[in-house]
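Here are my notes for a first look at this structure. Please keep the model open while you go through the points.

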Amino acid sequence: MPTPLSTEQVEHYASQGFVTVPGLFAQDEIDLVLEAALADEKLTRAAYSRTDREGNETRMTVWDELGDDIYSIAMRSRRVADAVEQLIGEPICHYNSKLNAKEPKVGGSWEWHQDYGYAYGYGVLAPKMATCFISLDPSNRENGCIEMMAGSHLLGRIDHDFVGKQYCADQARVSVAEERLSVVPCELNAGDAVFFHCNTLHRSSANRSDRRRWALITVFNALSNLPFKEGPHSGLHPVDKVGDDVLRTCRGRLSATDKVFQGQAYNPAA
Ligand SMILES: O=C(O)CCC(=O)C(=O)O
């Protein structure tokens, strides 16, 4: 199994529940992804809004299958897929992907949650999942960078419930966890990535700034851990990895079909 991450990076992930990898993608590669996303009518059409407690809206587009579009190619590239496989320790499949667009001034917050809090309800048996978050814009506290609660993956799965339109981790537990653990704002440059465990509590604030904060996010699952229920995931086959050089050949490779986009808010309770 290839091991693109260093021992220190893997140890950080194991103890803290996440690891930041600066410069996973170069600026010119991110520019190609953004150029495509801004021109991609199918991607825009499939976007929907998720409002936070204050009624601010984060626009997101979700898709179930990794295809040959440039966003999927980024996530199928070895620097991502091999790293996730190294962290999960087993062959991996795709779970879901999304583009989260926090627009200047209006982009909403994400409350504390675990990705496994969602996936559990859709029949994923074990927390053998990890997420790759790639920043497409510089992100900091002002425009709502993602924040990790260090070590929270060791708390196990926390019950989730709806607060408004968001599915959030149990507030009482989160409050205690916040007192005992530290919260790390992941300030990122475009092209930096954060890999995090599916039980790591994470959140982000609303974008009050005049700078956009877009991110490309993929959740991967262990191939041995396929969901036993229907849901917003594909899985079923191993990630078809591509070389890191392929992305630069994918200028303008937009989404091929509307069908790849699920366009539905996640609702394991439905
Ligand atoms: O975009 C963000 O800041 C967080 C997104 C997130 O946690 C999610 O999509 O599950």
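1. **Val80.** Start with Val80, which is buried because 24 other C-beta atoms lie within 10 Å. Val80 belongs to helix 5. Setting aside neighbours up to four places away in sequence, Val80 is in contact with Ala74, Met75 and Cys132. Lys241 is 161 residues away from Val80 along the chain, yet their C-alpha atoms are separated by 9.0 Å.

2. **Confidence.** This is a predicted model. The average pLDDT of the chain is 92, and 93% of the residues reach at least 70. One stretch needs care: over residues 263–270, pLDDT stays under 50. For that stretch the model has 14 contacts beyond four places in sequence. Where pLDDT is low, predicted coordinates should not be read in detail.

3. **Overall form.** The chain holds seven helices and 13 strands. Its C-alpha trace spans about 50 × 40 × 35 Å along the principal axes. Is the radius of gyration what a compact globule would have? For 270 residues such a globule would have a value near 18 Å; the chain has 17 Å, which agrees. Of the 270 residues, 51% are buried. Take the contacts between residues at least 6 apart in sequence: 89% of them join residues at least 24 apart.

4. **The rest of helix 5.** Helix 5 covers residues 78–88. Which of its residues are buried? They are Val80, Ala81, Ala83, Val84, Glu85, Leu87 and Ile88. These buried residues pack against several elements, among them helix 1 (7–16), helix 4 (70–76) and strand 4. Strand 6 (129–135), strand 11 (193–197) and strand 13 are also packing partners. Gly89 follows the helix and has a positive phi, near 85°.

5. **Two charged residues in helix 5.** Compare Glu85 and Arg79. Glu85 lies in helix 5 and is buried because it has 24 other C-beta atoms within 10 Å. Beyond four places in sequence, Glu85 touches Met1, Pro91 and Ile92. Glu85 and Ala130 are 45 residues apart in sequence, with 9.0 Å from C-alpha to C-alpha. Arg79 is also found in helix 5. Arg79 counts as partly exposed because it has 19 C-beta neighbours inside 10 Å, and 20 would be needed for a buried residue. Apart from neighbours within four places, Arg79 is in contact with Pro4, Leu24 and Asp244. The C-alpha atoms of Arg79 and Leu5 are separated by 8.9 Å, with their positions 74 residues apart along the chain.

6. **The nonpolar core.** The largest nonpolar core has 73 residues. Which members touch the most others? Ala74, Val84, Ile134 and Phe195 do. Strand 13 gives the most to this core, with seven residues. In soluble globular proteins, nonpolar side chains tend to be buried together. Look next at Ala74. Not counting residues up to four places away, Ala74 touches Phe25, Val33, Val80, Ile134, Leu216 and Leu247.

7. **Leu32 and a long-range pairing.** Leu32 lies in helix 2 (residues 27–39). Is Leu32 buried or exposed? Leu32 is buried, because 22 other C-beta atoms lie within 10 Å. Leaving out residues up to four places away, Leu32 touches Ile70, Leu247, Cys250 and Arg251. Leu32 and Gly252 are 220 residues apart in sequence but 7.5 Å apart in space, C-alpha to C-alpha.

8. **Around the ligand.** What surrounds the ligand? The shell is Lys98, Asn100, Trp110, Asp115, Ile146, His202, Ser204, Ala215 and Ile217. By class, four are nonpolar, three polar and two charged. Strand 4 (92–102), strand 12 (202–204) and strand 13 (213–222) each supply at least two of the shell residues.

9. **A backbone detail to check.** Lys105 has a positive phi of about 70°, although it is not a glycine. Where is Lys105 found? Lys105 is in the loop between strand 4 and strand 5 (110–113). Lys105 is partly exposed because it has 13 other C-beta atoms within 10 Å, and 12 or fewer would make a residue exposed.

Terms used. Residues are numbered from 1 along each chain as its sequence is written. This is a predicted model: local features need pLDDT of at least 70, side-chain atom pairs count only at pLDDT 80 or more; totals for chains, interfaces and linings use all residues. pLDDT is the predictor's confidence in each residue, from 0 to 100. Two residues are in contact if their C-beta atoms, placed from the backbone, lie within 7 Å. A residue is near a molecule or strand if its C-beta atom, placed from the backbone, lies within 6 Å of it. Helices (H or I, at least four residues) and strands (E, at least two) are DSSP runs, numbered from the N terminus. Ala, Val, Leu, Ile, Met, Phe, Trp, Tyr, Cys and Pro count as nonpolar, Asp, Glu, Lys and Arg as charged, and the others, Gly among them, as polar. A nonpolar core is a set of buried Ala, Val, Leu, Ile, Met, Phe, Trp, Tyr and Cys residues joined through C-beta atoms within 7 Å. The radius of gyration is taken over C-alpha atoms; the globule rule is 2.2 Å times the number of residues to the power 0.38.
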